[in-house]
Amino acid sequence: MHNYKKTMIKHPLALAIAATGLALSLTTSVQAAENGKFRIGIVTFLSGPAAGPFGEPSANAAKVLVEGLNQGKLPAPYNTIGINGAEIEVVIIDEAGGAAKQVEEFRNLVQRQKVDAVVGYISSGDCLAIAPVAEELGAMTVFYDCGTSQLFNEDKSPQFVFRTSLDAAVDNIGAARYLAKVRPDAQKVAGIQQNYAWGQDSWNDFTHSMEQLMPKAKVVESQMPKVFQGQYGAEISALSVKRPDIIHSSFWGGDMEALVLQANARGLLEDATAVLTCGESAIDRYKDQAPNGMIIGGRGPFGAFAPDNELNRWFKGSYQAAYKTDPTYPASKMAQAILGLKHAAENAKVEAGKVPAPLEIAKAFKGATFESVSGQVQMARAGGHQAMQGIAYGEYQYDAANKKGGVHNVIAFNGECVTPPDGTTALEWIKAGFPGAQCN
Amino acid sequence: MSCILETQGLCKAFGAVTAAKDVNVRIRPGEVVGVIGSNGAGKTTFINMVTGYLKPSSGQVLFNGQSIIGRTPRAITRLGMARSFQVAQLFPQLSVMDNLLIAVAAAQNPFPSLLAPMRTAARVALADAMLAQFDIARWRDTQVTAVPQGVRKLIDIAMALIGEPQMLLLDEPTSGVSAEEKTALMDTVMRVVAERRVTVLFVEHDMDVVRRYVSRILAFYSGEVLADGVPEQVLANPRVQEFVTGSQKVHQRVAL
Amino acid sequence: MSLFAVLIDGTIYASWLFLVAAGLTVIYGVMRILNMAHGSFYAIGAYTAASLVGWYFNNGIGPVWAGYLLMLGCALVAGLIVGLIIERGLLRFMYGRDEVLMVIITYALLLVLEDSMKMVWGVNPYFAYQPYAEMGRSALAGLKVSNYDLMLVGVSVVLGLCLWLWLERTHQGKVLRAVIHDREVAMAMGVNVRRMFTLVFVLGTMLGTLAGALTAPAISVVPGMGVEIIVLAFAVVVVGGMGSIEGAAVGALLVGLSRAAAVHYAPEFELFVIYGVMALVLAVRPQGLFGRVLARKI
Amino acid sequence: MRLNRTELILLGVALLLAAGGLIAPQWLVFLLTMALAKSMVVQGVVMQMRAGLVTFGQGLYFCVGGYAVGMSGHFLDISDLALLLVIGVGAAVLLAMLLGLLMTRYREIFFAMLSLAFSMILYGVLVKSSALGSTDGFNVKAWSLFGWSPAQGQAPLALFIIIVGVCAVLAVLLHRYSRSSAGMMCEAIRENEVRVEYLGQSPRWVLYMNYVAAAAVSALGGGFMALSAGHIDPEMAYWITSGEFVFIALLGGTAHVAAPFIAAIVFAVVRTYAIELVPHSWQMILGFTLLAIIVFLPKGLWSLFTGQARRAKA
């Protein structure tokens, strides 16, 4: 065998290679020192199938909003420069690659990039993995999209972790309530979900809600194709032979568009009404390939369901100007998270131009009520760490004249109506028959 | 009298082709037997069957009186019957020494140890002795890929002999070796096997080589033993001249 | 009723699987390269078709039938170009390397192509549904089926036959089989193996892009779609016996039907079916249904 | 036991690394911990590469190790790091002893494909099991060691020092294995299996031992990954993960036991900066790196240490 030591000296090049890692890392951690700016780490999908429907709009929204904030272009109450007077600087990271890698990258963001707050995470798995690390590092963290009900059951006494998006259970409770209003006579319910946590949980919440709200309706079929399968021929046949009145699906992105296209082409959506909890994210893309009357949701009062307030008008306008298309719900949710962060940081009562410490921001964020592109947001759940908002559903309408999709007879349910109270998990609350729910 | 190797009615068919038809051979200890026959006569098939690489369609193989049908090559090797190969079967990326050391280690222990180093003074000594005996010691630390054909054949045979076999089957030891080298190579091989008192059966095309070393010849033709006896008698046999030695010359002309 | 549905769905899915797997098995059969980048070829085909077809129909450039031609034509051209670049520019320097190393080279290729596609087409889904929607649907015994899917069945049958005839009946096919059977001998016989490799690799690439193009109208073309189908295609090829066209066809049918059956009768197991079938077949026939075992000559 | 020079150097480097951990920034400590955890799986891949087998399913044992650790923490309330890891390795060894019976019948591409199939089946099972959080996976409980549990925020550093220690021992053992009869026999099988058979040795038995040992080492890595990341999900068994291990194995090369460790660290650093500097096309950078390695350093980064690069190419 060759003599390790001698060859090491014989090949300084090798030493260089082996040492590169450490060298590199130390240099940049110096460069990333505090520079008086408010550094935000944005984490969202930049590669993989979730990049198009979710990651891209979110990242774009972040850019639009940060630019607007740094120039003080936003309407009141956000018309102040940057965050608390400090210019905002963003570091964007790809969420692809699994939870373990995200934990690693999160630590890099906080400890190497020295960001003052992290805003991001679409995948529930990533949120679950990040939460304890965020608490351990005392890093201000805002989850803007992930919907797992487990988040605050795992992280029981959150301090630095906030979620400005809604619990996924809300989507399906809302869907059931909407059906109870518009299709009380429906008898046969079928479902098709992607075979992973998101799909399984959604179907669970939905079926249990239906048992409470439409006891007469029976589940006749449940399909769970592999995520990103793209081809649903067999599933569509399996569904259509059962002749359902309602087809619930928590599909998103390319899978959802493919499902709608294939199911519609095969007449399934004429005989049955589809309920797509994420349907809004493709509203500009269905064109005439989705039947009018297909029920779609936006995971909250976002995108097409967002109220027509001044803030949202500004957001839509500048997003349109920058990217030639309306912001979909992931965009609105990203905007909401950043606005929430700004609101909290500026109520942290530190002198203007200073970047408040995570603990100060967290104190101010806890239980706060702030204005957002989706209207007023109350951090009213999980001890003031979980946003509570209403949810809206509506029917897809295609306006052939100017080739544009929209939503009709929208029904919005207020937060107290669809959000489980603290101390009980979503599923318990549903099974108990929504005790204490106050509906408008 | 007792045989070291005996086959009874050995048959082998690959689909339509018969590679061996009722082969009955009895080899006595200490014999040096030459096997001749044109290509496809079933010489290598015979060796492959005897050493357990191929399973005969029917027939019996006895080694020291016990049946070895259905045994794996490794089991048969451990019983004391080793072989060499037409094309030297070595470990090309490793040094000559490592090749031999692996052979030693394998011979010494059927279950290799996980942590004890393979290269021990004792094993190296054994390997060196073997290299010296074949006088190829100068190639000791060369990677096999850089070693000439003739030497490779010797290494191949040396590895077969390391397990101290009672019987050695040489499959065309001189194939792929230039005419000039042949005799030198065979002299070395035969010297070593004589020193080790190993019973030898070797397949060979070159009649001069065969005449020079063997006490007995088996002539194969299309899977059958055409003749079996002392060289003069066998080579004088007209059918042998017609089908084996004759076709042999033709074969060589074709090959050129 | 649902048994009939299983047959129809299974056949349709199988025909798609065959389209996807054909290129993979052809390349492996001749070149002994298990091409991980095949999925990317599929994706490239899909993107090219989707982007051009979308543009063609949205601006009402011309008649519908021309749209189909455009769809296929551009995919084949894309395959031709990509295949040539990769084979001439990279692979030909790698021939003779270990089979498994070739797998890893194509894996690296996959990583590169995935991001290159993002650079060209971005991450937004392409949704070129017109060719799919235009064809309408027909009802088979009460089961509504998209004509486009039925057309796919036809296409893959024809394609399969062409490949088979080409290999079995033409002179070039004979030469190819010689290369498959024993590369050295083929070389000795004066076959220009290098040219054969170029030809076959480009053909395989074009089969890949074609499969993508034919799939594009039925789905929404998104990043990472290529990666998703690789393992699927592998399974089909391994089940059928690597390098065998008829094997790929049978493998596709086997996987397609068993998956359809799972979807209808036991949706719970849909996820395992493919790997289950693969592991099962390999356990019984390590070389796959139509694979040849090459005994080592000593 | 007496140590030769190489082994002493390995231990020395380990000591330096552990000491470095005390001064290095926390994120780097964590990055190195993850890299070392992965490097153990890579060692498993390399062990089989030396025998001529490339596995696209080593993620199977990575995942088994991780889940065994996570689940014993959750359902058996075991928090002792040593015990957890032993359980993880034990589980993997049992599975490997079973699958090994089948796997050792396959070579080349078929081995690769079958190993892939098995790890994908585990992936499917985990995705199905909502009790284990399906694709979300679940968080791993905090660990303790012989009754001592690290103070708030000290766990990463403590774990780093532990993993460095374990890696050092592992390195010495693997170094000895690679020089042992069994280790050399693996190389012999890669070079010429028939000859090994004719030397009176059973290739399948050697490969079987090697397979089980590789599984154990990989599971150890999986266990450490679970403990350091604090979260596990089925992704660990997905074929892309296994592909990454093969990637790192080639990056380092099979020439020396230290290569996988170095490769894993280089890979981690390259990737984290690729993600930071070019978030949109870091995969491409990895791809080109891999191609460059294959073309210019067929024997991996290690050939830089031995100057074999040119010789290997010729």
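Two residues count as being in contact if their C-beta atoms, placed from the backbone, lie within 7 Å. Keep that cut-off handy for the exercises below, which all work on a predicted model.

**Exercise 1. Work out how enclosed helix α7 (residues 181-191) of chain D is, and what covers it.**

Start with the count: 10 of the 11 residues of this helix are buried, so the rest of the structure largely encloses it. Next, put names to them: S181(D), A182(D), G183(D), M184(D), M185(D), C186(D), A188(D), I189(D), R190(D) and E191(D). Now look for the cover. From chain D, it includes α2 (26-50), α6 (155-179), α8 (193-198) and α9 (203-229). Chain B joins in too, with α3 (96-108).

**Exercise 2. Lay out the open sheet of chain A, strand by strand.**

Get the order down before anything else: β7-β6-β8-β9-β10-β14-β15, seven strands with mixed pairing. The edges are β7 (218-223) and β15 (404-413) of chain A, each pairing on one side only. On average, neighbouring strands are turned by 25 degrees against each other, ignoring direction.

Then walk through the pairs:

- β6 (residues 188-192) of chain A runs parallel to β7(A), with five bridges between them; here A190(A) sits opposite E221(A).
- β8(A) and β9(A) are parallel, joined by four bridges, and H248(A) has V275(A) as its bridge partner.
- β9(A) and β10(A) are parallel as well, with two bridges; L276(A) faces I296(A) across this pair.
- β10(A) and β14(A) go antiparallel over three bridges, with I295(A) partnered by E395(A).
- β14(A) and β15(A) are antiparallel, with eight bridges, and Y393(A) is partnered by I411(A).

Finish at the turn. The hairpin of β14(A) and β15(A) has four residues between its strands, and K403(A) takes a positive phi near 45 degrees there.

**Exercise 3. Decide whether the two faces of β9(A) are covered or open, and find a helix that lies across this strand.**

Begin with a reminder: in a regular strand the side chains alternate between the two faces of the sheet. Now sort the residues. T273(A) and V275(A) belong to one side, A274(A) and L276(A) to the other. All four are buried, and both faces are covered.

For the helix, go to α7 (residues 168-182) of chain A. This helix lies across β8 (246-249), β9 (273-276), β10 (295-297), β14 (391-399) and β15 of chain A. Its angle to β14(A) is about 65 degrees.

**Exercise 4. Find the residues that touch the most other members of the largest nonpolar core, and trace the contacts of A21(C).**

The core holds 476 residues, and L100(B), A21(C) and M278(C) touch the most other members. Ask next which helix gives the most: that's α1 (residues 2-31) of chain C, with 19 residues. Now zoom in on A21(C). Leaving out residues up to four places away in sequence, A21(C) touches A233(C), V236(C), V237(C), A248(C) and A252(C).

**Exercise 5. Describe how the two domains of chain A meet.**

First, set the bounds. The domain assignment gives domain 1 as 38-166 + 307-388 and domain 2 as 169-298 + 390-431. Their centres, taken over C-alpha atoms, are 27 Å apart. The contact between them draws 17 residues from domain 1 and 19 residues from domain 2. On the domain 1 side, α3 (51-70) and α13 (329-346) of chain A each supply at least two residues.

**Exercise 6. Which pair of chains has the most contacts, and how do chains A and B stand to each other?**

Of the five pairs of chains that touch, chains A and D have the most contacts. Chains A and B aren't among the touching pairs: no contact joins them, and their closest C-alpha atoms lie 11 Å apart.

**Exercise 7. Work out where in chain D the coordinates call for caution.**

Take the overall scores to start: ipTM is 0.84 and pTM is 0.86. Chain D averages a pLDDT of 87, and 97% of its residues score at least 70. Then go element by element. In chain D, α9(D) has the highest mean pLDDT (94), while helix α14 (residues 309-313) has the lowest (41). Over residues 308-314 of chain D, pLDDT stays under 50, and the model has 11 contacts beyond four places in sequence for that stretch. Where pLDDT is low, the predicted coordinates shouldn't be read in detail.

Notes. Residues are numbered from 1 along each chain as its sequence is written. Chains are lettered from A and ligands numbered from 1 in the order in which they are written. This is a predicted model: local features need pLDDT of at least 70, side-chain atom pairs count only at pLDDT 80 or more; totals for chains, interfaces and linings use all residues. A nonpolar core is a set of buried Ala, Val, Leu, Ile, Met, Phe, Trp, Tyr and Cys residues joined through C-beta atoms within 7 Å. A residue is buried if 20 or more other C-beta atoms lie within 10 Å of its own, exposed if 12 or fewer, and partly exposed in between; C-beta atoms are placed from the backbone. Two strands pair if DSSP finds at least two bridges between them. Axes are lines fitted to C-alpha atoms, for helices over the stretch in contact, and angles run from 0 to 180 degrees between N-to-C directions. pLDDT is the predictor's confidence in each residue, from 0 to 100. Domain bounds come from an automatic or database domain assignment.
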